[in-house]
Every structure is written in structure tokens, then in C-alpha cells.
Amino acid sequence: MRWSVSIGTIAGTAIRIHVTFLLFLLIIGIAVFRQNGPEAAWDAIAFITLIFTCIVLHEFGHILMARVFGIKTRDVTLFPIGGVATIERMPEKPYQELLVALAGPLVNLAIFVGILMALGDSFKISDLESLNDSGTGLAIRIASANLILMLFNLLPAFPMDGGRVLRALLAMWLTKTKATQIAATIGQAMALMIGFMGFFGNPMLILIAAFIFIAAGSESEAALFHDVTRDLTIRDAMVQSPAHLLPHDTIKAAIDILLSSTDDDFAVFDEGNPMIGTITRDALLLALSAHDDGTPLSSIMKKADHILYDDEPLEKALTIFERSDAQALIVKDKKDEFLGLISRAAIAQAILIKTARPNWAFHRDRFLSGHLPPINRDQRAASLLP
Ligand SMILES: [Zn+2]
């Protein structure tokens, strides 16, 4: 997640704080300091830090429940609205998503009930209303905050927990895409309402509403992408036999190929170590404005960190593109021989075709039919000679 800092790792999951969360702490600290002096400011910061700990525990509720279903979580990022965990993949079954979504708010409920039980008779229900009164005991204020956290997270504003619960319930009857679209639409409507309330009350709500609105839109889009690509393989969308280049070839040589062929993406080969990197058209054009023509490709190429196999699901490439800045990935066959490249543009093209014609038969045998003869590497090298 951009604009965030890591503060440590627990059970294999990195905990990150988004810059907006730190800004939120700062704004609260300064506001309380100006109103009530340094003591109250420190009390407010201590209170928020404890709440922050509860939010981390809330996220670990989700993370540990996801782990029950074999899903790992790379990191969790804290925003003023709460935490967002980057779980490896969405649970397959709706009941799994339901349990994962509920596990977070249940942690807040457990903290709330735990504090109430610890306080015993000294607790009065009216105490819960004095959330902002620093005269009230810290424990009671933490209990109230956990109750609010639970209720707020359970609002059906997708992609908040309540919205995920809603989607999981809808997905028990509808397709996942339809369920996501409905949940995201309701989420965006809720976001508009929360934002509207923000204009008359707490301006923080406007920020939260904007976050929900954008996140709901992008999740809905991602769900659509995954649905369209579900039954496609890497082979269906990959570019076969792209131009081969060598690490010591220059930017000029690559631009010459770009101009004289229909190739947009290139694979960089090395004599000893076959596929070492990729260069896309955009990267090449970017390099052209920053480097001189004689610069070797080895200094501007993207290292081949991910290797895909042609019979793997296209979703795998989509997931890698979502989580990295890679522009093109290398594709091999089962014998570990180089087959081609898959790029963001190639996937977008396959998605456009599949959207226009959902039952389009991708020619899985087109590589055997001889329509696209592989480009001979020596011919390519020869064309580079002056
Ligand atoms: Zn949650």
C-alpha cells in the first residue's frame, strides 16, 4: 500500500500505518491541546493508541479466520476508518467470506463484554454515553469505542465488514459478480449518506465516505474482471514469440523494432541464463526521454521476477499485476521452454473480447495451426545489425 509505513510483523502479517491515520492522530492531538492543554492532549493520544490496538486486534480477527480457510495475509494497513487487510485471495465460498467478515466485529464485541465483566457492578449503562468526557474512566471509554467500532463496521457499506456480510449473503443466491455489484451500489449509496452527514457534523465522515465510495467502485470493477477472466488461461491472452533482445542491445535497436514491427513488448534473453527480463513499449518510451540511444537494455529492463505457465488460469496474472508494478510477465510451457509474454494490455484485450462476446472460443490450438510462426531469434538479431 502506498503512503504507508510498516511498524512490525505479527505471525507473518506486516502491520502498516497509512499516512492519513497519522494525520488523524496529529489533528486530534493538536485540537485537544488547543482546547484543554497538554494533559488532555496526551490523554487523547493514549486513548486513540488504545483504540488503534483494538483495531489491530479486530483485523487479526479477520486474518486468523481467513487462515482457518488456508488464506494468508501479507499486510494490514490502518486508515482513520479502520484497518484494511491485504488477504492473499478472497474466500471461495460465501459462508467463508461471511465468517471472515464477522470475525473482526466479533473481536470488538469480545473486548466490550470483557471490559464490562471486569468492571462488574461499578459499570452503569449511562457511562457509555460519556465517550468524549476524559473524566470518565479510560476502560469505560474503550468499551464504548469498541461498541461503536463494531456497529460502524457492521454498516452495510461495502467494502466495510457489514457490506461484505451483505455480499456473502447475496452470493448464496446470486452469482458473485451480481452480489458484488449490488453490495457495491448499496455501499456507494451509504457512502453518499455518510458524506452528507459529515457536512453537518463530523468532517471526518466526509473522508470516510470518500474512502468507501472509491473502494466500493474499485472492488466492484475487480470482481467483474475476475468473473470475466475466470475460465480463461494464460495461453488465451498471451502474446506468442515477442521480439527477443539481448541485454547489451541498445535503446535505439529496440525502438527500431518497435517502429518496424507490431511488437509492443519485448523479452530480454541472455546467452547463459535464458529469460532475464522484459521491456514494454511504455517503459521503452519513458527510457527514451531519460537516457541516450546507446544505453544498454540491461539497465532499463524489468527483471523477470514472476514466471507463469501457459495452462495456468489468467486470474493468476491479473493478481500479480494488481499487486506489483510489473508490466509484462514471462510465460513458459510445461517443459520450461519460453512461449511468450503476457502484459496488462494483452489481458485488457482478452477482457474486451470476452465482454463483447461472452461465449467467444479462444483458439487454444492457434499456436499449433501455424498462423503465427515463432520469430527466429537469429533473424531478429540479424535485423539489429547496421
Ligand atoms: Zn473489519
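Which residue in S3 does Arg 16 stand opposite? The residue opposite Arg 16 is Thr 77 in S3, and the description below begins with the sheet to which this pair belongs. The structure is a predicted model, in which local features need pLDDT of at least 70 and side-chain atom pairs count only at pLDDT 80 or more, while totals for chains, interfaces and linings use all residues. Residues are numbered from 1 along each chain as its sequence is written.

Helices and strands are taken here as DSSP runs numbered from the N terminus, a helix being a run of H or I with at least four residues and a strand a run of E with at least two. Two strands are said to pair if DSSP finds at least two bridges between them. As general background, the strands of a sheet pair through backbone hydrogen bonds, in either a parallel or an antiparallel manner.

Four strands form an open sheet in the order S1-S2-S3-S4, and the pairing in this sheet is mixed. Strand S1 (4–10) and strand S4 (82–87) stand at its edges, and because each has a single partner strand, one side of each is left without a neighbour in the sheet. From one strand to the next, the twist averages 25°, where angles run from 0 to 180 degrees between N-to-C directions and axes are lines fitted to C-alpha atoms, for helices over the stretch in contact. Strand S2 (residues 13–18) is paired with strand S3 (residues 73–79) in the parallel sense, over four bridges.

The loop between S1 and S2 contains Ala 11, whose phi is near 45°, a positive value in a residue other than glycine. In general, most residues other than glycine have a negative phi. Ala 11 has 10 other C-beta atoms within 10 Å and is therefore exposed; by the definition used, a residue is exposed if 12 or fewer other C-beta atoms lie within 10 Å of its own, buried if 20 or more do, and partly exposed in between, with C-beta atoms placed from the backbone.

A further open sheet of four strands has the order S5-S12-S11-S10, with mixed pairing. Its edges are strand S5 (239–240) and strand S10 (307–309), each with a single partner strand, so one side of each is left without a neighbour in the sheet. Three bridges join S10 and S11, which pair in the parallel sense, and Leu 308 has Val 331 in S11 as its bridge partner. Helix H11 (residues 344–356) packs on this sheet, touching S5 and S12, and the direction of H11 makes about 75° with that of S12; residues are in contact if their C-beta atoms, placed from the backbone, lie within 7 Å. In the loop between strand S11 (328–332) and strand S12 (338–343) lies Asp 336, a residue other than glycine with a positive phi, near 70°. Asp 336 is exposed, with 9 other C-beta atoms within 10 Å.

Antiparallel pairing is found between strand S7 (residues 265–269) and strand S8 (residues 275–280), which are joined by five bridges, and here Asp 265 has Thr 280 in S8 as its bridge partner. S8 also pairs with strand S9 (residues 302–303) in the antiparallel sense, over two bridges, with Gly 277 standing opposite Lys 303 in S9.

Among the helices, the axes of helix H6 (residues 204–229) and H11 come within 10 Å and cross at roughly 80°. H6 and H11 are therefore roughly perpendicular to each other, since angles of 65 to 115 degrees count as roughly perpendicular, those under 35 as roughly parallel, those over 145 as roughly antiparallel and the rest as oblique. In this contact, Phe 225, Val 228 and Thr 229 in H6 meet Ile 351, Lys 354 and Thr 355 in H11.

H6 also packs with helix H10 (residues 314–323), at an angle of about 155° and with the axes 9 Å apart, which makes H6 roughly antiparallel to H10. Phe 225, His 226 and Thr 229 of H6 make this contact with Leu 314, Glu 315 and Leu 318 of H10. Elsewhere in helix H6 is Ala 210, which is partly exposed, with 15 other C-beta atoms within 10 Å. The C-alpha atoms of Ala 210 and Gln 188 are separated by 9.1 Å, the two residues being 22 residues apart along the chain.

Notes
Contact = placed C-beta atoms within 7 Å.
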